[in-house]
Amino acid sequence: MKIKTIARSEEEYTRERKQDVQKVQRNLDPSLHPMAKSVEYTRALNAVKMQRVFAKPFVGALAGHSDGVTCMSKCPDRLNCIVSGASDGEIRVWDVAARQGIRKFLGHTGPISGLSVSAQGDACVSCSSDSTVRLWRLGSASAGDASAAKDSLAVQDADMIFEGKAPFRGIDHHYQKPVFATASASVDVWDHNRSEPVNSFTWGSDSVMSVRFNPADPDIFATSGSDRSIALYDVRMGTPTRKLVMANKTNAIAWNPMEPFNFTVANEDSNLYSYDMRKLKIATCIHQDFVSAVMDVDFSPTGREFVAGGYDRTVRIYAYNGGHSREVYHTKRMQRIFTVKYSGDAAYVLSGSDDMNIRIWKARASEKQGALLPREKRKAVYEKKLVERYNHLPEVRGIERHRHVPKAVVKATQVRRTMQESEQKHKKQKIAHSAPGSVPNVPARKKRVVNVLE
Amino acid sequence: MVKKSEPNTQNAERSSMDVPEKPGRKSSKKNIREKADELTVRIEKFKRGPQAPVRHIKDKKLRGQLRASELLVSDAVLSAAKAEQWLLPAEAGTLEAEGMERTYRFQQVEILKEIETVSAQKAFDLSLPTLGPYHLKYTRSGRHALLGGRQGHLAIMEWGRAHLVTELQVKETTRDIAFLHNETFFAAAQKKHVYIYDKRGLEVHCLRDHNEVHAMQFLPYHFLLATIGKPGVLVYQDTSTGQMVAEHKTKLGRCDVLQQNPWNAVLCAGHHNGVVTMWSPNSSGPLVQMLCHQGPIKAIAVDMEGYHMVTAGQDKQVKVWDVRTYKPIHNYFSAAPAVSLDISQRRLLAVGYSGHVQVWKDALNQKATAPYMNHHLPPGAKVENVTFCPYDDVLGVGHSKVHSRCHPRSAL
């Protein structure tokens with residue numbers, strides 16, 4: 001007779017040391033794994049519940065300003081550094097990891113309305129309502145430079161002062177050249193070495209509110225004016241190129257760093273709109289969920305997400321093409337948010353608000369901080385994919401989307417929803433009860449654009 | 001097939017006779033082709049259903065997403081097939097007869113002489129003549145065995161190492177036993193209620209909602225303990241939260257036979273009128289009622305993939321059914337009504353009747369003409385239950401005289 005049997009030696013299946021992990025023998029045969037889909041669904045449900053359990057997004061606060069924080073800027077060449085300006089004219093440089101201030105820039109006499117750091121990270125330009133722009137030298141910023149006592153930070157004076165004619169409302173530095181653009185009564189383009197603006201544009205509006213250079217296409221910048229317009233300019237040409245007029249004024253603009261022609265604007269009507277520069281007649285996406293004016297918007301360096309802060313005291317994170325926010329952060333102590341930034345490593349979000357603090361939040365609330373073991377990393381990736389795969393099911397989606405939101409925001413959202421629903425119903429009835437084609441059905445993305453001018 | 005034999009003489013003979021050929025180009029190409037065919041066969045096993053039709057979808061975004069996910073699935077299937085081909089520690093083996101020999105004539109004693117010592121040690125007899133016929137159950141991993149005597153003797157042992165984990169005497173009639181999710185807990189259906197014990201032998205719970213239980217099943221993926229007995233009420237209890245999940249009145253009187261379909265966790269109960277009813281905790285009545293035998297059902301077994309169900313009745317018939325279409329496939333006859341049935345992971349069917357155990361190979365898909373293995377228990381012993389040990393070549397038989405016996409069956 002011929003016999004073949006299983007012969008296992010105990011040694012092969014025993015771990016060598018107690019600290020080693022027990023090796024699990026896996027047989028992928030489907031007959032050994034019945035009800036695989038149900039098992040996976042249960043894992044997805046547990047994963048989404050654990051996500052909510054471990055969602056602790058608040059990391060810390062940078063406290064030190066003695067008036068509301070009005071603007072912030074990241075340093076493009078290093079991850080750790082944030083420059084912030086307050087309503088009392090004080091500018092502080094922070095070491096985010098150590099959560100300490102490094103330096104103070106004193107000099108402005110009015111509230112700081114704009115801040116920007118040059119691409120090389122050596123200089124920071126700030127503009128204020130006292131009609132001056134000041135340029136400050138940024139050394140190698142690190143917490144080691146900070147002096148022992150917390151209150152006495154190293155004070156620095158401005159390297160250069162540029163005088164303007166009207167109070168400045170916004171500033172942005174060019175991504176390559178030593179050039180920056182300011183927004184006041186007109187849009188001015190300055191050079192570091194000239195005390196007068198190199199170029200000056202006006203097109204209609206009596207005051208321009210914000211300026212933003214395009215990181216992917218460095219010579220283009222966009223401005224928003226108080227006449228509810230968004231204008232696109234090219235530094236190389238002498239003239240502005242295109243202007244888009246909306247129903248409400250825009251508070252801030254952010255360009256998508258990965259897609260040169262896409263930008264998102266934070267509007268006063270509590271929505272954000274994404275546009276394609278080449279086709280301004282219709283918005284590519286409307287991002288809803290805020291209940292009050294949106295004050296600032298900033299893209300993640302991946303270009304897949306952006307963060308926005310609103311006057312309703314919430315910070316929301318959206319996917320670049322998401323109509324609704326995927327995350328909302330709020331605290332009782334955080335008052336009106338004026339400025340938000342997405343950190344350079346796409347892991348944190350910073351919000352500067354009226355209560356004189358800059359808060360640091362995690363971009364992904366349930367993410368574990370610090371160096372992860374390979375097994376932890378794999379588990380996190382697997383859980384994320386599980387949730388994504390089963391997100392169409394109401395049980396999983398309900399848990400994933402559930403967030404606690406302040407009562408005022410809840411009430412305001414309900415009111416807005418009622419208003420929107422009744423408007424839509426009214427529109428539908430009108431179309432249904434009139435001659436076909438007589439009442440045009442204008443999509444919402446088109447409706448918000450009042451006019452496009454060349 | 002590998003022949004286990006004395007090392008020196010045979011090898012010397014072989015080396016003088018066969019000169020190994022140099023692997024030429026033709027043979028290596030043939031090798032590659034063989035391997036590729038093998039891989040194709042394995043790939044079929046890992047495909048869980050046909051590919052989703054993607055071409056007719058109008059939405060470009062959805063079509064692109066589905067196409068990408070189908071590509072991922074086919075990659076996963078291929079890598080699973082390759083992993084199985086190259087990384088699986090062993091392949092299936094059998095007991096083969098040469099020439100005039102027949103496999104069903106091989107005695108256990110002869111088999112034990114032929115195989116290596118480690119495997120031969122897996123076969124042993126436990127003689128426990130006093131405390132009633134014994135039930136034998138294995139954990140899902142196959143490492144621990146649970147013995148339950150009718151007169152209340154319960155024991156867990158690591159059978160491979162001949163190590164007794166715990167032993168206790170409950171001094172009551174115990175009609176059935178079951179491991180819970182692993183060897184740390186087990187349940188015993190005693191005279192009035194069901195009791196749950198720890199692996200240290202401590203009584204942990206008394207489940208008073210289960211009365212006069214004759215048969216128990218534990219559903220491992222749902223952590224549900226299901227019992228049925230004299231009142232004919234099927235009770236499901238969650239052993240992780242302790243909640244009673246469902247109570248179904250079968251209305252068919254006393255029931256002694258309960259088996260689960262491992263593929264979808266549906267319970268099959270065999271009744272005195274020859275009907276097999278299938279239950280799930282969600283529905284109020286039986287899902288299916290099948291008339292299987294002329295006479296009471298004695299035993300049920302369902303294979304691992306949930307395709308075949310084997311039932312044994314008092315009418316000495318053993319019938320194979322397709323449990324997905326509820327159609328009969330084959331009929332076998334046994335000399336006496338079969339008391340216990342089990343299907344192994346490699347689709348061997350074990351039938352236990354009066355003092356004999358028969359193992360049938362390839363008996364489910366096609367009609368087998370002769371059994372694969374035969375075993376006679378010592379005179380006077382009656383089979384109580386037969387179970388295959390998972391992941392091993394062992395069949396455990398619990399019976400009345402010499403109480404637990406395990407013997408290798410030599411098929412993976």
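# Exercises on a two-chain model

Asp289(A) is found in the loop that links strand 23 (285–287) and strand 24 (294–299) of chain A. Keep that residue in mind for the first exercise, and remember throughout that you're looking at a predicted model.

## Exercise 1: Two loop residues

Task: Work out what the phi angles of Asp289(A) and Lys171(B) are, and find where Lys171(B) sits.

Solution. Start with the background: most residues other than glycine have a negative phi. Now check Asp289(A): phi is near 125 degrees, a positive value in a residue that isn't glycine. Next, go to chain B and look in the loop between strand 6 (163–169) and strand 7 (176–179), where you'll find Lys171(B). Phi of Lys171(B) is near 60 degrees, again positive in a residue other than glycine. Last step: is Lys171(B) buried or exposed? The cut-off for exposed is over 50% relative accessible area. Lys171(B) has 74% relative accessibility, so Lys171(B) counts as exposed.

## Exercise 2: Chain A as a whole

Task: Describe chain A by its helices and strands, its span and its share of buried residues.

Solution. Begin with the elements: chain A has five helices and 31 strands. Then take the span of the C-alpha trace, which is about 105 × 75 × 45 Å along the principal axes of chain A. Of the 454 residues in chain A, 46% are buried. Finish with the contacts between residues at least 6 apart in sequence: in chain A, 51% of these join residues at least 24 apart.

## Exercise 3: Where the chains meet

Task: Find out how many residues each chain brings to the contact and how much area is buried between chain A and chain B.

Solution. Count residues by chain: 21 come from chain A and 43 from chain B. The buried area is about 3,000 Å², and carbon and sulfur atoms give 59% of that. On the chain A side, Met1(A), Lys2(A) and Lys4(A) supply 29% of the area that chain A buries against chain B, more than any other three residues.

Now for the polar side of things. The interface has three salt bridges, including one between the side chains of Lys45(B) and Asp29(A), at 3.7 Å from N to O. Eight residue pairs are in polar contact across the interface. Sorted by class, the side of chain A that touches chain B has twelve nonpolar, four polar and five charged residues.

Strands take part too. Strand 1 of chain A and strand 1 (residues 95–96) of chain B run antiparallel and are joined by two bridges. In this pairing, Ile3(A) stands opposite Leu95(B).

## Exercise 4: Strand 4 of chain B and its neighbours

Task: Trace which strands pair with strand 4 of chain B, and say whether its residues are buried or exposed.

Solution. Look at strand 3 (residues 134–138) of chain B: five bridges join it to strand 4 in the antiparallel sense. Here His135(B) has Gly148(B) as its bridge partner. These two strands form a hairpin with five residues between them, and Gly142(B) in the turn has a positive phi of about 85 degrees.

Then turn to strand 5 (residues 153–158) of chain B, which pairs antiparallel with strand 4 over five bridges. Gly148(B) stands opposite Leu154(B) in strand 5. This hairpin has three residues between its strands, and Gly152(B) in the turn has a positive phi of about 100 degrees.

Finally, check the burial of strand 4 (residues 144–149): six of its six residues are buried. His144(B), Leu146(B) and Gly148(B) cover one side, with Ala145(B), Leu147(B) and Gly149(B) on the other, and all are buried.

Note on methods:
Residues are numbered from 1 along each chain as its sequence is written. Chains are lettered from A and ligands numbered from 1 in the order in which they are written. This is a predicted model: local features need pLDDT of at least 70, side-chain atom pairs count only at pLDDT 80 or more; totals for chains, interfaces and linings use all residues. Side-chain values use heavy atoms; hydrogens and water are left out. Contact means heavy atoms within 4.5 Å. Buried area is the accessible area (1.4 Å probe) that two parts lose on being put together, summed over both. A salt bridge is a side-chain nitrogen of Lys or Arg within 4 Å of a carboxyl oxygen of Asp or Glu. A polar contact is a pair of N or O atoms within 3.5 Å; within protein, one must be able to donate a hydrogen and the other to accept it, and residues adjacent in sequence count only if both atoms are side-chain atoms. Ala, Val, Leu, Ile, Met, Phe, Trp, Tyr, Cys and Pro count as nonpolar, Asp, Glu, Lys and Arg as charged, and the others, Gly among them, as polar. Two strands pair if DSSP finds at least two bridges between them. Helices (H or I, at least four residues) and strands (E, at least two) are DSSP runs, numbered from the N terminus. Buried means under 20% relative accessible area, exposed over 50%, partly exposed in between (1.4 Å probe, protein chains only).
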